[in-house]
Amino acid sequence: MAFVLVVVGVLGLAVGSFLNVVIHRVPRGESLLRPASHCPQCTNPVRPWHNVPVLGWLVLRGRCADCAAPIGIRYPLVELGTAVLFVAVAARVGRSGSWLYLPAWLYLAAIAVALALIDLDVLRLPNAIVLPAYVVAPLLFLPAVVAGHDWAAAGRALLAMAGLYALYFALAVVYPGGMGFGDVKLAGVLGLYLGSLGWSSVAVGTLGAFVIGAAAGLTLIALRRARRGTALPFGPSMLAGALLALFAAAPITDWYTNLLVPA
């Protein structure tokens, strides 16, 4: 188990480095492959040894090796944060006893980091990231479903995907100022994942998104960083709700059940 977590952590660092490219280029419609990583100020290419996740930034002391332009601290934080999230997801999946589900959940963790930061930056959830998940996620789930003959979970995942898509679509139609169609498309993907866990996870992940979103909005208003009616990204709250369900759906469900029916 420890060895797997170390490997997953190193993978997370590498994936986080790539996600920095995704977060910067996808909203701009730029290629992820060309040109190679370079300084946006002097355009000189980044040397391979300076591209080592986290360590490269530390060695450079947060500045370009050629022009000394500052390199934002978000770059190493994304790499480190992705690694931590990968390890946490792997530990959670490992406790459930089915490692075959791990690739699917690591894929969600990776796109969650990219989508959350892009939505915070530009208030948009790019189709280039969301739509492929409708194909990639089922394919990654398929080996675990077939090996475990877990067809009930597969059916539940498809139902939850359709259900959450329909719910968010209705909300976007009724309240277009508060819900975008990028959120609708993401809802279907998250429904697939939450449904694979169980209906309690669907409930916790869905309600959790709205609670987290409301708390974030009220906090920003209290700090005078936003006003009533200010457009705020909801994608990060949706993704946080889904991850909350992955890690804590059972205790949250037990707690709420005990409130309704005291022991």
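Arg-61 is found in the loop between α2 and α3 (74-96), where helices (H or I, at least four residues) and strands (E, at least two) are DSSP runs numbered from the N terminus. The model is predicted: local features need pLDDT of at least 70, side-chain atom pairs count only at pLDDT 80 or more, and totals for chains, interfaces and linings use all residues. Residues are numbered from 1 along each chain as its sequence is written, and side-chain values use heavy atoms, with hydrogens and water left out.

Backbone geometry comes first. Most residues other than glycine have a negative phi, and most peptide bonds are trans. Arg-61 has a positive phi, near 55 degrees. At 75% relative accessibility, Arg-61 counts as exposed (buried means under 20% relative accessible area, exposed over 50%, partly exposed in between; 1.4 Å probe, protein chains only). Arg-224 also has a positive phi, near 60 degrees. Arg-224 lies in the loop between α9 and α10 and is exposed, at 79% relative accessibility. The peptide bond from Arg-34 to Pro-35 is cis, with omega near -5 degrees. Pro-35 sits in the loop between α1 and α2 (55-60).

Helix packing was examined for α1 and α4. Helix α1 (residues 2-25) and helix α4 (residues 102-122) pack at about 35 degrees, and their axes are 10 Å apart. Axes are lines fitted to C-alpha atoms, for helices over the stretch in contact; angles run from 0 to 180 degrees between N-to-C directions. The crossing of α1 past α4 is right-handed (the near helix is turned clockwise from the far one by less than a right angle; anticlockwise would be left-handed). From α1, Val-8, Leu-11, Val-15, Leu-19, Val-22 and Ile-23 take part. Their partners in α4 include Leu-106, Ala-110, Val-113, Leu-117 and Asp-121. Contact means heavy atoms within 4.5 Å. By class, this contact has 13 nonpolar, no polar and one charged residues (Ala, Val, Leu, Ile, Met, Phe, Trp, Tyr, Cys and Pro count as nonpolar, Asp, Glu, Lys and Arg as charged, the others, Gly among them, as polar).

Two residues of these helices were followed further. Ala-110, in α4, is buried, with a relative accessible area of 12%. Leaving aside neighbours within four places in sequence, Ala-110 is in contact with Val-15, Leu-19 and Phe-86. The C-alpha atoms of Ala-110 and Thr-82 are separated by 7.0 Å, although their positions lie 28 residues apart along the chain. Ser-17, in α1, is buried at 19%. With the same neighbours within four places left aside, Ser-17 is in contact with Asn-51, Pro-53 and Glu-79.

The largest nonpolar core has 65 residues. A nonpolar core is a set of buried Ala, Val, Leu, Ile, Met, Phe, Trp, Tyr and Cys residues joined through side-chain atoms within 4.5 Å. The largest share, 16 residues, comes from α4. Among those with the most contacts inside the core are Trp-105, Tyr-168, Tyr-193 and Met-238. Tyr-168 touches residues including Asp-183, Phe-210, Phe-234 and Met-238, not counting residues up to four places away in sequence.

A pair of aromatic rings is described by the distance of the centres and the angle of the planes. Rings of Phe, Tyr and Trp (its six-membered ring) pair if their centres lie within 6.5 Å; planes under 30 degrees apart count as stacked, over 60 as edge-to-face and the rest as tilted. The count comes to eight aromatic pairs. The rings of Phe-210 and Phe-234 have centres 5.2 Å apart and planes at 40 degrees, so the pair is tilted. Phe-210 lies in helix α9 (residues 199-222) and Phe-234 in the loop between α9 and α10 (235-260), so the pair ties together parts 24 residues apart in sequence. Phe-210 is partly exposed, at 33%, whereas Phe-234 is buried, at 12%. Ring pairs also link Tyr-101, Trp-105, Phe-141 and Tyr-193 into a cluster.
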